[in-house]
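Let's practise reading a protein model step by step. Have a look at the picture, then try each exercise before you read its solution.

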Amino acid sequence: MKNGYVPVIGLETHVELSTKTKIFCSCENRFGAEPNTLCCPVCMGMPGTLPELNEKAVEYAVRAGLALGCKVANVSGFDRKNYFYPDLPKGYQITQHFTPICSEGSLETPDGAVRIARLHLEEDAGKLFHDREDATLIDFNRCGAPLIEIVTYPDIKSPSQAADYISALRGVMLFCRVSDVKMNEGSLRIDANISLHRHGEPLGTKVEIKNINSVKYMEKALEYEIWRQTELLESGGVVVTETRRFDEKTGATEPMRTKESAEDYGYFPDPDLAAVILSDEYIGRLRASLPRMPEELKAGFISDFMLSDEAASRLVDSPDTAELFLKSAAGLDLAAAGLAANLINSYPAEAVFVRPERLSRLAEMLGSEEITFSVAKALLSELAASDFDPAEAAKERSLTAIRGEELKELAKEAVKGSPKAVKAYLGGKKTAVMAVVGAVMKASGGRADAEKARELIIGIIEKIGETEG
Ligand SMILES: [Zn+2]
């Protein structure tokens, strides 16, 4: 790092929980509804209304905390964070300031573990729209949506490690099935804080960058801050404590406001909500029901099924594809299991709608060369829309692979029909063979194996070369 400065980075991540209803009322918790249609007097903050805690939100927070190796508090409570903003009709946000539900966890990244200081429950605010010139519009649908805020210690040493942390965190949230973590829909939002110092010297003044909505922007914002703070310190300036925002257009951060301190919010325990008391038995039950996390599954896919790192990584992009692979590969030999992984990774969004036994059958048919990969992919996307027996369909619709003598005949025909390509190939332009392969694929309607066809065609052409030469 320039002039011996090293960055010290901490992240605060807001994850919106995918419970059916909001955290303190029974309004539906859903993204994308007509503005202001999912609201009631409680989440609108009307005087005289009382919040009632959603048990599912507690369960989701505990699941997430346990998956991050956190301690779960037997007793926690809710507090009021007082501030005025148009998207917060109550004038305060209900959060857990004094007693978070979970604390002291950690998450592994390739550059080392990142410790998690706390994970607490809170409610979301509404959403402001500034796209009209004459007015700001407010949608209160998001008011009272359940959030967990996950706060790390300043253990992160680079923008790329911050990106790895977020990627690992998304995986854990998805596999716990507590959130869809869609950054473009705001179900995962990042605040980053960063300071610079020299090794052995005290920590520098930290700057917070608020509301970052993509991992790429987070990395850019942190890189920009490293540059800005280095320049500032080098020229004898001082970094001031402040909140900044990242401008996607300029790639720079700019000041938003000076940071509020805890005193500014006048936190106090919310008198409307009782303490959250969790028994060891309840926590133990949730711990026992935790699914395997993506890193562990990935390692198993590589060691048990001999998958490549890339194929295994792609399967654990979502718990649905990972589960589908586990179920469909269960009875298959290693070669067919690898083919099942390739099929799922070719069409992950569609594959998850296919029954595991159908996928197994497709992989077996591929393994025994009954069908080609392109036919298997076509059948897979049909199976996503409606269920049928792929083996029968392949037979009925003559989709079975063209092999042996039949394929040889097709190859011979194609060579005969492509004198230019043959001449080019014999003249040294080896890629010319692909035109002949294309002709075979066309004549077979995708039922020939392109690699086999290529081998056959090369054999035939080279024989022609020998007789001519
Ligand atoms: Zn409501």
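The exercises below go from domains to strands and then to helices.

This is a predicted model, in which local features need pLDDT of at least 70 and side-chain atom pairs count only at pLDDT 80 or more, while totals for chains, interfaces and linings use all residues. Residues are numbered from 1 along each chain as its sequence is written.

**Exercise 1. Find the domains of the protein chain.**

Step 1: Mark off domain 1 at 2-282, domain 2 at 294-396 and domain 3 at 404-468. These bounds come from an automatic or database domain assignment.

Step 2: Go from the centre of domain 1 to the centre of domain 3, both taken over C-alpha atoms, and you cover 60 Å.

**Exercise 2. Trace the pairing of strand 7 with strand 6 and with strand 10.**

Step 1: Recall the terms. Helices (H or I, at least four residues) and strands (E, at least two) are DSSP runs, numbered from the N terminus. Two strands pair if DSSP finds at least two bridges between them.

Step 2: Start with strand 6 (residues 102-109) and strand 7 (residues 112-123), which are antiparallel and joined by seven bridges. A hairpin of two residues links strand 6 to strand 7. For one bridge, look at Ser103, whose partner in strand 7 is Arg118.

Step 3: Now turn to strand 10 (residues 146-152), which pairs with strand 7 in the antiparallel sense over seven bridges. Here Leu119 has Ile150 of strand 10 as its bridge partner.

**Exercise 3. Which strands pair with strand 11?**

Step 1: Strand 1 (residues 5-16) pairs with strand 11 (residues 188-198) in the antiparallel sense, over 11 bridges. Thr13 is bridged to Ile190 of strand 11.

Step 2: Strand 12 (residues 207-212) also pairs with strand 11 in the antiparallel sense, over four bridges. Ile194 has Val207 of strand 12 as its bridge partner.

**Exercise 4. Describe how helix 8 and helix 9 cross.**

Step 1: The axes of helix 8 (residues 319-329) and helix 9 (residues 334-346) come within 10 Å and cross at roughly 150°. Axes are lines fitted to C-alpha atoms, for helices over the stretch in contact, and angles run from 0 to 180 degrees between N-to-C directions.

Step 2: Helix 8 and helix 9 are therefore roughly antiparallel (under 35 degrees counts as roughly parallel, over 145 as roughly antiparallel, 65 to 115 as roughly perpendicular and the rest as oblique).

Step 3: Thr321, Leu324, Phe325, Ser328 and Ala329 of helix 8 meet Ala337, Ala340, Ala341 and Ile344 of helix 9. Residues are in contact if their C-beta atoms, placed from the backbone, lie within 7 Å.

Step 4: Sorted by type, this contact of helix 8 with helix 9 has seven nonpolar, two polar and no charged residues. Ala, Val, Leu, Ile, Met, Phe, Trp, Tyr, Cys and Pro count as nonpolar, Asp, Glu, Lys and Arg as charged, and the others, Gly among them, as polar.

**Exercise 5. Are helix 14 and helix 16 oblique or roughly antiparallel to each other?**

Step 1: The axes of helix 14 (residues 404-416) and helix 16 (residues 433-444) come within 9 Å and cross at roughly 125°.

Step 2: Helix 14 and helix 16 are therefore oblique to each other.

Step 3: On helix 14 the contact uses Leu410, Ala411, Glu413, Ala414 and Val415, and on helix 16 Val436, Ala439, Val440, Ala443 and Ser444. These residues divide into eight nonpolar, one polar and one charged.

Conventions:
Two residues are in contact if their C-beta atoms, placed from the backbone, lie within 7 Å.
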